[in-house]
Amino acid sequence: MSTFDVQAIRAQFPILSREVNGKPLAYFDSAASAHKPQAVIDAQSRYLAHTHSNIHRGVHALAQEATEAYEAARETVRAHIGASSTKEILFVGGTTDGINLVAQTWGRTRLGAGDCIVLTRMEHHSNIVPWQMLALEQGFDILVVELNEDGTLDGEMFEAHLARNPKLVAFTHVSNALGTVNDVKHWTSRAHDAGATVLVDGAQSVPHLPVNVRDLGVDFYMFSGHKTYGPTGIGILYGKEALLDAMPPYRGGGEMIGTVSFEKGTTYNELPYKFEAGTPHISGGIALGAALDWMNGVGMPALTAHEHELTQHAHAQLEGIEGLRFYGTAPCKAGVVSFLVDGVHPYDLGTLLDQLGIAVRTGHHCTEPLMDKLGIPGTVRASFGAYNTVEEIDRLAEAVERAVSMLR
Ligand code: PLP
(Lines give C-alpha, C1' and ligand atoms only; values in the text may rest on other atoms or scores of the structure.)
Protein backbone atom coordinates (compact mmCIF):
# COMPACT_ATOMS: atom_id res chain seq x y z
CA MET A 1 0.00 0.00 0.00
CA SER A 2 1.38 3.41 -0.93
CA THR A 3 1.49 6.36 1.47
CA PHE A 4 -1.19 8.07 -0.61
CA ASP A 5 -3.84 9.41 1.81
CA VAL A 6 -6.97 8.56 -0.13
CA GLN A 7 -9.34 9.57 2.70
CA ALA A 8 -7.82 13.06 2.78
CA ILE A 9 -8.28 13.23 -1.00
CA ARG A 10 -11.89 12.04 -0.78
CA ALA A 11 -12.73 14.70 1.79
CA GLN A 12 -11.94 17.33 -0.86
CA PHE A 13 -14.66 16.10 -3.24
CA PRO A 14 -18.10 17.31 -2.06
CA ILE A 15 -19.98 15.00 -4.44
CA LEU A 16 -18.56 11.90 -2.79
CA SER A 17 -20.58 12.53 0.34
CA ARG A 18 -23.89 12.12 -1.47
CA GLU A 19 -25.89 8.93 -1.73
CA VAL A 20 -27.25 7.34 -4.90
CA ASN A 21 -30.31 5.12 -4.63
CA GLY A 22 -29.95 5.22 -0.86
CA LYS A 23 -26.37 3.92 -0.97
CA PRO A 24 -23.03 5.70 -0.67
CA LEU A 25 -21.81 6.63 -4.13
CA ALA A 26 -18.99 4.52 -5.53
CA TYR A 27 -17.98 6.38 -8.67
CA PHE A 28 -16.15 4.30 -11.28
CA ASP A 29 -16.76 6.52 -14.29
CA SER A 30 -13.85 8.95 -14.19
CA ALA A 31 -12.77 8.02 -17.73
CA ALA A 32 -16.03 9.59 -18.91
CA SER A 33 -15.68 12.56 -16.57
CA ALA A 34 -13.92 13.06 -13.25
CA HIS A 35 -15.34 14.84 -10.21
CA LYS A 36 -14.06 18.17 -8.99
CA PRO A 37 -12.20 18.91 -5.77
CA GLN A 38 -13.28 21.92 -3.70
CA ALA A 39 -10.14 23.82 -4.81
CA VAL A 40 -11.33 23.70 -8.43
CA ILE A 41 -14.92 24.60 -7.57
CA ASP A 42 -13.60 27.52 -5.49
CA ALA A 43 -11.24 28.74 -8.22
CA GLN A 44 -14.08 28.87 -10.73
CA SER A 45 -16.64 30.47 -8.43
CA ARG A 46 -14.09 32.94 -7.01
CA TYR A 47 -13.33 34.07 -10.54
CA LEU A 48 -17.03 34.42 -11.37
CA ALA A 49 -17.84 36.22 -8.10
CA HIS A 50 -14.85 38.56 -7.90
CA THR A 51 -12.90 38.89 -11.11
CA HIS A 52 -14.99 38.24 -14.19
CA SER A 53 -14.52 40.46 -17.21
CA ASN A 54 -13.72 39.82 -20.84
CA ILE A 55 -10.03 39.28 -21.34
CA HIS A 56 -7.23 40.77 -23.46
CA ARG A 57 -9.16 43.81 -24.61
CA GLY A 58 -9.82 46.04 -21.61
CA VAL A 59 -7.69 48.56 -19.77
CA HIS A 60 -9.82 48.48 -16.63
CA ALA A 61 -8.75 46.59 -13.53
CA LEU A 62 -11.09 43.59 -13.85
CA ALA A 63 -10.14 43.06 -17.49
CA GLN A 64 -6.49 43.04 -16.51
CA GLU A 65 -7.00 40.72 -13.53
CA ALA A 66 -9.07 38.30 -15.61
CA THR A 67 -6.45 38.33 -18.38
CA GLU A 68 -3.66 37.70 -15.89
CA ALA A 69 -5.53 34.79 -14.31
CA TYR A 70 -6.31 33.21 -17.69
CA GLU A 71 -2.74 33.59 -18.93
CA ALA A 72 -1.40 32.25 -15.63
CA ALA A 73 -3.53 29.15 -16.21
CA ARG A 74 -1.98 28.79 -19.66
CA GLU A 75 1.45 28.88 -18.05
CA THR A 76 0.35 26.23 -15.51
CA VAL A 77 -0.68 23.98 -18.43
CA ARG A 78 2.60 24.63 -20.23
CA ALA A 79 4.62 23.65 -17.18
CA HIS A 80 2.41 20.63 -16.46
CA ILE A 81 2.96 19.04 -19.87
CA GLY A 82 6.48 20.34 -20.41
CA ALA A 83 5.88 22.49 -23.50
CA SER A 84 8.58 24.97 -24.51
CA SER A 85 6.38 28.04 -24.66
CA THR A 86 2.83 29.20 -23.94
CA LYS A 87 2.62 29.92 -27.69
CA GLU A 88 2.23 26.15 -28.03
CA ILE A 89 -0.71 25.93 -25.61
CA LEU A 90 -4.10 26.59 -27.19
CA PHE A 91 -7.26 26.69 -25.11
CA VAL A 92 -9.89 24.68 -26.98
CA GLY A 93 -13.21 23.11 -26.04
CA GLY A 94 -11.71 19.70 -25.25
CA THR A 95 -9.95 16.76 -26.87
CA THR A 96 -12.56 16.46 -29.62
CA ASP A 97 -12.30 20.14 -30.43
CA GLY A 98 -8.49 19.96 -30.50
CA ILE A 99 -8.44 17.05 -32.95
CA ASN A 100 -10.98 18.78 -35.20
CA LEU A 101 -8.82 21.90 -35.16
CA VAL A 102 -5.78 19.94 -36.35
CA ALA A 103 -7.84 18.10 -38.98
CA GLN A 104 -9.38 21.28 -40.35
CA THR A 105 -6.19 23.36 -40.47
CA TRP A 106 -3.10 21.17 -40.65
CA GLY A 107 -5.02 18.27 -42.26
CA ARG A 108 -6.93 20.31 -44.81
CA THR A 109 -3.76 21.93 -46.10
CA ARG A 110 -1.50 18.86 -45.98
CA LEU A 111 -3.56 15.78 -46.86
CA GLY A 112 -4.79 14.95 -50.34
CA ALA A 113 -5.38 12.21 -52.90
CA GLY A 114 -2.60 9.63 -52.90
CA ASP A 115 -1.68 10.30 -49.24
CA CYS A 116 -2.35 8.00 -46.33
CA ILE A 117 -2.63 8.44 -42.58
CA VAL A 118 -2.39 5.86 -39.79
CA LEU A 119 -4.92 5.42 -36.97
CA THR A 120 -5.36 2.47 -34.62
CA ARG A 121 -8.24 0.12 -33.82
CA MET A 122 -8.47 1.45 -30.26
CA GLU A 123 -9.18 5.09 -31.17
CA HIS A 124 -12.08 6.98 -29.66
CA HIS A 125 -14.56 8.23 -32.28
CA SER A 126 -13.03 11.70 -31.72
CA ASN A 127 -9.83 10.51 -33.35
CA ILE A 128 -11.57 8.68 -36.19
CA VAL A 129 -14.52 10.69 -37.44
CA PRO A 130 -12.73 14.04 -38.05
CA TRP A 131 -10.26 12.15 -40.28
CA GLN A 132 -13.00 10.23 -42.07
CA MET A 133 -14.88 13.46 -42.75
CA LEU A 134 -11.74 15.05 -44.19
CA ALA A 135 -10.81 11.91 -46.15
CA LEU A 136 -14.19 12.00 -47.88
CA GLU A 137 -13.46 15.53 -49.08
CA GLN A 138 -9.74 15.25 -49.78
CA GLY A 139 -9.42 11.63 -50.91
CA PHE A 140 -6.61 10.26 -48.72
CA ASP A 141 -6.51 6.72 -47.30
CA ILE A 142 -6.81 5.70 -43.66
CA LEU A 143 -4.70 2.71 -42.55
CA VAL A 144 -5.64 1.04 -39.27
CA VAL A 145 -3.22 -0.66 -36.86
CA GLU A 146 -4.96 -3.71 -35.40
CA LEU A 147 -4.49 -5.02 -31.86
CA ASN A 148 -3.02 -8.11 -30.23
CA GLU A 149 -5.15 -10.35 -27.97
CA ASP A 150 -4.15 -8.39 -24.85
CA GLY A 151 -5.18 -5.04 -26.34
CA THR A 152 -1.68 -3.81 -27.24
CA LEU A 153 -0.88 -2.44 -30.68
CA ASP A 154 0.25 -4.93 -33.32
CA GLY A 155 3.80 -3.66 -33.76
CA GLU A 156 4.46 -5.50 -37.01
CA MET A 157 1.38 -4.03 -38.61
CA PHE A 158 2.33 -0.58 -37.29
CA GLU A 159 5.76 -0.92 -38.93
CA ALA A 160 4.16 -2.13 -42.18
CA HIS A 161 1.90 0.93 -42.29
CA LEU A 162 4.85 3.22 -41.53
CA ALA A 163 6.68 1.69 -44.49
CA ARG A 164 4.00 3.31 -46.67
CA ASN A 165 5.22 6.76 -45.54
CA PRO A 166 2.02 8.13 -44.03
CA LYS A 167 1.71 11.89 -43.68
CA LEU A 168 0.14 11.57 -40.24
CA VAL A 169 0.13 9.03 -37.43
CA ALA A 170 -2.66 9.75 -34.93
CA PHE A 171 -3.17 7.52 -31.92
CA THR A 172 -4.24 7.54 -28.33
CA HIS A 173 -1.82 7.57 -25.41
CA VAL A 174 -4.19 5.49 -23.25
CA SER A 175 -7.20 3.53 -24.51
CA ASN A 176 -10.43 4.60 -22.83
CA ALA A 177 -12.02 1.19 -23.53
CA LEU A 178 -9.13 -1.16 -22.69
CA GLY A 179 -6.81 0.89 -20.48
CA THR A 180 -3.77 0.04 -22.65
CA VAL A 181 -0.93 2.55 -22.30
CA ASN A 182 0.79 2.91 -25.67
CA ASP A 183 4.50 3.50 -26.01
CA VAL A 184 4.13 7.01 -27.36
CA LYS A 185 7.83 7.83 -27.34
CA HIS A 186 8.73 4.75 -29.36
CA TRP A 187 5.96 5.09 -31.95
CA THR A 188 6.49 8.84 -32.28
CA SER A 189 10.13 8.27 -33.04
CA ARG A 190 9.34 5.51 -35.55
CA ALA A 191 6.66 7.69 -37.20
CA HIS A 192 9.09 10.61 -37.46
CA ASP A 193 11.65 8.28 -39.07
CA ALA A 194 8.98 7.53 -41.67
CA GLY A 195 8.43 11.25 -42.25
CA ALA A 196 5.03 11.45 -40.54
CA THR A 197 3.61 14.15 -38.29
CA VAL A 198 2.38 12.71 -34.97
CA LEU A 199 -0.83 13.55 -33.13
CA VAL A 200 -1.47 11.90 -29.77
CA ASP A 201 -4.83 11.91 -27.99
CA GLY A 202 -4.06 12.53 -24.32
CA ALA A 203 -7.65 12.46 -23.03
CA GLN A 204 -6.98 9.40 -20.86
CA SER A 205 -3.29 9.96 -20.08
CA VAL A 206 -3.08 13.46 -18.63
CA PRO A 207 -5.54 12.50 -15.82
CA HIS A 208 -3.40 9.52 -14.79
CA LEU A 209 0.24 9.83 -15.86
CA PRO A 210 2.99 12.43 -15.81
CA VAL A 211 3.19 13.67 -19.40
CA ASN A 212 6.03 15.62 -20.97
CA VAL A 213 5.34 16.49 -24.59
CA ARG A 214 8.95 17.40 -25.32
CA ASP A 215 10.21 14.10 -23.96
CA LEU A 216 7.56 12.19 -25.92
CA GLY A 217 8.49 14.16 -29.04
CA VAL A 218 4.89 14.46 -30.27
CA ASP A 219 3.82 17.18 -32.70
CA PHE A 220 0.24 17.60 -31.46
CA TYR A 221 -1.23 16.48 -28.13
CA MET A 222 -4.64 17.23 -26.65
CA PHE A 223 -6.64 16.63 -23.49
CA SER A 224 -9.92 17.59 -21.81
CA GLY A 225 -10.36 19.63 -18.64
CA HIS A 226 -13.30 17.62 -17.32
CA LYS A 227 -11.32 14.37 -17.19
CA THR A 228 -8.48 16.07 -15.27
CA TYR A 229 -10.67 17.16 -12.31
CA GLY A 230 -11.49 20.44 -14.08
CA PRO A 231 -14.59 21.82 -15.82
CA THR A 232 -16.34 20.72 -19.00
CA GLY A 233 -16.13 22.82 -22.15
CA ILE A 234 -12.39 23.51 -21.86
CA GLY A 235 -9.36 21.58 -22.97
CA ILE A 236 -5.89 21.98 -24.39
CA LEU A 237 -4.29 21.52 -27.76
CA TYR A 238 -0.50 21.46 -27.64
CA GLY A 239 1.25 21.92 -30.97
CA LYS A 240 4.89 22.50 -31.82
CA GLU A 241 5.35 26.20 -32.47
CA ALA A 242 6.71 25.83 -35.99
CA LEU A 243 3.76 23.67 -37.02
CA LEU A 244 1.16 25.98 -35.46
CA ASP A 245 2.86 28.97 -37.03
CA ALA A 246 2.59 27.46 -40.49
CA MET A 247 -1.06 26.45 -40.08
CA PRO A 248 -3.95 28.65 -41.22
CA PRO A 249 -6.43 29.70 -38.53
CA TYR A 250 -9.42 27.48 -37.76
CA ARG A 251 -12.21 29.89 -36.88
CA GLY A 252 -12.37 33.57 -37.71
CA GLY A 253 -13.53 36.32 -35.38
CA GLY A 254 -12.38 38.56 -32.57
CA GLU A 255 -9.04 38.01 -30.83
CA MET A 256 -7.50 35.92 -33.61
CA ILE A 257 -6.87 38.95 -35.81
CA GLY A 258 -4.01 41.39 -36.23
CA THR A 259 -5.86 43.95 -38.33
CA VAL A 260 -9.12 43.74 -40.27
CA SER A 261 -9.85 45.83 -43.31
CA PHE A 262 -12.39 45.57 -46.12
CA GLU A 263 -9.82 47.13 -48.39
CA LYS A 264 -6.66 45.24 -47.39
CA GLY A 265 -8.10 42.05 -45.92
CA THR A 266 -7.25 40.56 -42.53
CA THR A 267 -3.98 39.74 -40.85
CA TYR A 268 -3.80 37.26 -38.01
CA ASN A 269 -2.70 37.51 -34.41
CA GLU A 270 0.40 35.79 -33.07
CA LEU A 271 0.32 32.39 -31.38
CA PRO A 272 -1.55 31.15 -29.49
CA TYR A 273 -4.30 33.75 -30.10
CA LYS A 274 -4.43 33.08 -33.85
CA PHE A 275 -6.43 29.94 -33.00
CA GLU A 276 -8.58 31.43 -30.22
CA ALA A 277 -11.37 33.32 -31.98
CA GLY A 278 -14.13 34.78 -29.83
CA THR A 279 -14.56 35.09 -26.09
CA PRO A 280 -13.19 31.90 -24.55
CA HIS A 281 -14.36 29.84 -21.58
CA ILE A 282 -12.45 32.10 -19.18
CA SER A 283 -13.62 30.60 -15.89
CA GLY A 284 -13.04 27.13 -17.35
CA GLY A 285 -9.46 27.91 -18.29
CA ILE A 286 -8.72 29.32 -14.84
CA ALA A 287 -10.34 26.31 -13.14
CA LEU A 288 -8.40 23.94 -15.41
CA GLY A 289 -5.21 25.59 -14.18
CA ALA A 290 -6.44 25.05 -10.61
CA ALA A 291 -7.17 21.39 -11.41
CA LEU A 292 -3.63 20.80 -12.66
CA ASP A 293 -2.27 22.59 -9.59
CA TRP A 294 -4.41 20.27 -7.48
CA MET A 295 -3.06 17.19 -9.26
CA ASN A 296 0.49 18.41 -8.76
CA GLY A 297 -0.28 19.02 -5.09
CA VAL A 298 -1.30 15.38 -4.81
CA GLY A 299 1.79 14.45 -6.81
CA MET A 300 1.57 12.76 -10.20
CA PRO A 301 3.81 9.78 -9.33
CA ALA A 302 1.71 9.07 -6.19
CA LEU A 303 -1.51 9.41 -8.17
CA THR A 304 -0.26 7.06 -10.89
CA ALA A 305 0.86 4.51 -8.29
CA HIS A 306 -2.48 4.66 -6.45
CA GLU A 307 -4.47 4.07 -9.63
CA HIS A 308 -2.12 1.27 -10.66
CA GLU A 309 -2.83 -0.42 -7.35
CA LEU A 310 -6.59 0.03 -7.88
CA THR A 311 -6.38 -1.45 -11.38
CA GLN A 312 -4.40 -4.48 -10.18
CA HIS A 313 -6.77 -4.97 -7.27
CA ALA A 314 -9.82 -4.79 -9.54
CA HIS A 315 -8.38 -7.43 -11.86
CA ALA A 316 -7.56 -9.67 -8.90
CA GLN A 317 -11.00 -9.27 -7.29
CA LEU A 318 -13.06 -9.68 -10.44
CA GLU A 319 -11.19 -12.50 -12.14
CA GLY A 320 -12.63 -15.16 -9.83
CA ILE A 321 -16.19 -14.46 -11.00
CA GLU A 322 -17.40 -17.32 -13.15
CA GLY A 323 -17.75 -16.46 -16.83
CA LEU A 324 -16.10 -13.03 -16.44
CA ARG A 325 -13.79 -12.03 -19.25
CA PHE A 326 -11.54 -8.98 -19.29
CA TYR A 327 -11.04 -6.85 -22.37
CA GLY A 328 -7.62 -5.24 -22.18
CA THR A 329 -4.95 -7.16 -20.31
CA ALA A 330 -1.89 -5.26 -21.51
CA PRO A 331 1.13 -5.29 -19.19
CA CYS A 332 0.97 -1.49 -18.99
CA LYS A 333 -2.52 -0.20 -18.18
CA ALA A 334 -3.96 2.97 -16.68
CA GLY A 335 -7.13 3.39 -14.70
CA VAL A 336 -9.57 1.24 -16.70
CA VAL A 337 -10.97 -2.27 -16.23
CA SER A 338 -13.36 -3.46 -18.95
CA PHE A 339 -15.20 -6.77 -18.77
CA LEU A 340 -18.21 -8.87 -19.75
CA VAL A 341 -19.83 -11.78 -18.00
CA ASP A 342 -21.16 -14.73 -20.01
CA GLY A 343 -24.92 -14.66 -20.41
CA VAL A 344 -25.29 -11.20 -18.88
CA HIS A 345 -25.99 -8.08 -20.92
CA PRO A 346 -23.71 -5.19 -19.89
CA TYR A 347 -26.66 -2.76 -19.61
CA ASP A 348 -28.49 -5.08 -17.20
CA LEU A 349 -25.39 -5.41 -15.07
CA GLY A 350 -24.79 -1.65 -15.12
CA THR A 351 -28.40 -0.99 -14.11
CA LEU A 352 -28.25 -3.38 -11.16
CA LEU A 353 -24.94 -1.91 -10.01
CA ASP A 354 -26.51 1.55 -10.14
CA GLN A 355 -29.24 0.33 -7.78
CA LEU A 356 -26.43 -0.41 -5.34
CA GLY A 357 -24.95 3.09 -5.69
CA ILE A 358 -22.14 1.93 -7.97
CA ALA A 359 -21.58 3.99 -11.12
CA VAL A 360 -19.91 2.14 -13.99
CA ARG A 361 -20.19 2.80 -17.72
CA THR A 362 -21.67 0.28 -20.09
CA GLY A 363 -21.67 0.33 -23.88
CA HIS A 364 -19.21 0.89 -26.69
CA HIS A 365 -17.38 3.79 -24.99
CA CYS A 366 -17.28 5.67 -28.32
CA THR A 367 -15.05 2.95 -29.76
CA GLU A 368 -17.47 1.16 -32.10
CA PRO A 369 -14.77 -0.03 -34.53
CA LEU A 370 -13.02 -1.74 -31.60
CA MET A 371 -16.21 -3.34 -30.29
CA ASP A 372 -17.13 -4.54 -33.81
CA LYS A 373 -13.73 -6.16 -34.19
CA LEU A 374 -14.09 -7.85 -30.79
CA GLY A 375 -17.58 -8.99 -31.85
CA ILE A 376 -19.25 -7.55 -28.76
CA PRO A 377 -21.89 -4.84 -28.26
CA GLY A 378 -19.88 -3.18 -25.53
CA THR A 379 -18.36 -3.81 -22.12
CA VAL A 380 -18.87 -2.88 -18.51
CA ARG A 381 -16.13 -0.40 -17.70
CA ALA A 382 -14.93 0.56 -14.24
CA SER A 383 -12.53 3.49 -14.42
CA PHE A 384 -10.64 5.00 -11.54
CA GLY A 385 -9.64 8.37 -10.19
CA ALA A 386 -7.58 9.68 -7.29
CA TYR A 387 -10.57 9.31 -4.95
CA ASN A 388 -11.34 5.61 -5.45
CA THR A 389 -10.44 3.12 -2.76
CA VAL A 390 -9.57 -0.55 -2.55
CA GLU A 391 -12.68 -1.01 -0.36
CA GLU A 392 -14.88 0.43 -3.09
CA ILE A 393 -13.42 -2.09 -5.51
CA ASP A 394 -14.20 -4.90 -3.08
CA ARG A 395 -17.76 -3.54 -2.99
CA LEU A 396 -17.83 -3.53 -6.80
CA ALA A 397 -16.63 -7.14 -7.03
CA GLU A 398 -19.21 -8.32 -4.47
CA ALA A 399 -21.95 -6.40 -6.26
CA VAL A 400 -20.99 -7.82 -9.66
CA GLU A 401 -21.08 -11.33 -8.22
CA ARG A 402 -24.50 -10.70 -6.65
CA ALA A 403 -25.92 -9.05 -9.78
CA VAL A 404 -24.66 -11.83 -12.00
CA SER A 405 -26.32 -14.49 -9.86
CA MET A 406 -29.62 -12.56 -10.15
CA LEU A 407 -29.34 -12.03 -13.92
CA ARG A 408 -28.34 -15.52 -14.97
N1 PLP B 1 -10.32 10.50 -26.69
C2 PLP B 1 -10.43 9.61 -25.71
C3 PLP B 1 -9.41 8.53 -25.58
C4 PLP B 1 -11.48 9.70 -24.79
O5 PLP B 1 -11.58 8.81 -23.81
C6 PLP B 1 -12.42 10.76 -24.94
C7 PLP B 1 -13.58 10.85 -24.03
O8 PLP B 1 -13.98 9.89 -23.42
C9 PLP B 1 -12.24 11.66 -25.98
C10 PLP B 1 -11.18 11.51 -26.84
C11 PLP B 1 -13.18 12.81 -26.18
O12 PLP B 1 -13.09 13.71 -25.13
P13 PLP B 1 -14.06 14.97 -25.06
O14 PLP B 1 -15.46 14.43 -25.17
O15 PLP B 1 -13.78 15.57 -23.72
O16 PLP B 1 -13.72 15.87 -26.19
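**Helix 12 and its surroundings**

In this predicted model, a contact joins two helices: D348, L349, L352 and L353 of helix 12 meet L396, A399, V400, A403, V404, M406 and L407 of helix 14. The residues of this contact comprise 10 nonpolar, no polar and one charged. The axes of helix 12 and helix 14 come within 10 Å, crossing at roughly 125°. Because angles from 35 to 65 or from 115 to 145 degrees count as oblique, helix 12 is oblique to helix 14. The crossing of the two helices is right-handed.

It helps to look next at helix 12 itself, which spans residues 346-355 and has P346, L349, G350 and L353 buried. Viewed down the axis of helix 12, these buried residues fall within an arc of 100°, so they line one face of the helix. An α-helix has 3.6 residues a turn, so residues three or four places apart point the same way. The cover over the buried residues of helix 12 includes strand 14 (336-341), strand 15 (358-359), strand 16 (361-363) and strand 17 (379-383), along with helix 14 (390-407). Just after helix 12, G357 adopts a positive phi of about 85°.

Elsewhere in the chain, strand 5 (residues 116-120) holds V118. With a relative accessible area of 1%, V118 is buried. Setting aside neighbours within four places in sequence, the residues in contact with V118 are L143, V145, F158, H161, P166, L168, V169 and A170. V118 and A196 lie 78 residues apart along the chain, and their C-alpha atoms are separated by 9.3 Å.

Terms used. Residues numbered from 1 in each chain as written. Predicted model: local features only at pLDDT ≥ 70, side-chain atom pairs only at ≥ 80, totals over all residues. Heavy atoms only, no water. Buried < 20%, exposed > 50% of the residue type's maximum accessible area, 1.4 Å probe, protein only. Helix = DSSP H or I, 4+ residues; strand = E, 2+ residues; numbered from the N terminus. Arc of directions from axis to C-beta. Contact = heavy atoms within 4.5 Å. Axes fitted to C-alpha atoms, helices over the stretch in contact; angles between N-to-C directions. Left-handed = near helix turned anticlockwise from the far one by under 90°. Nonpolar A, V, L, I, M, F, W, Y, C, P; charged D, E, K, R; others polar.
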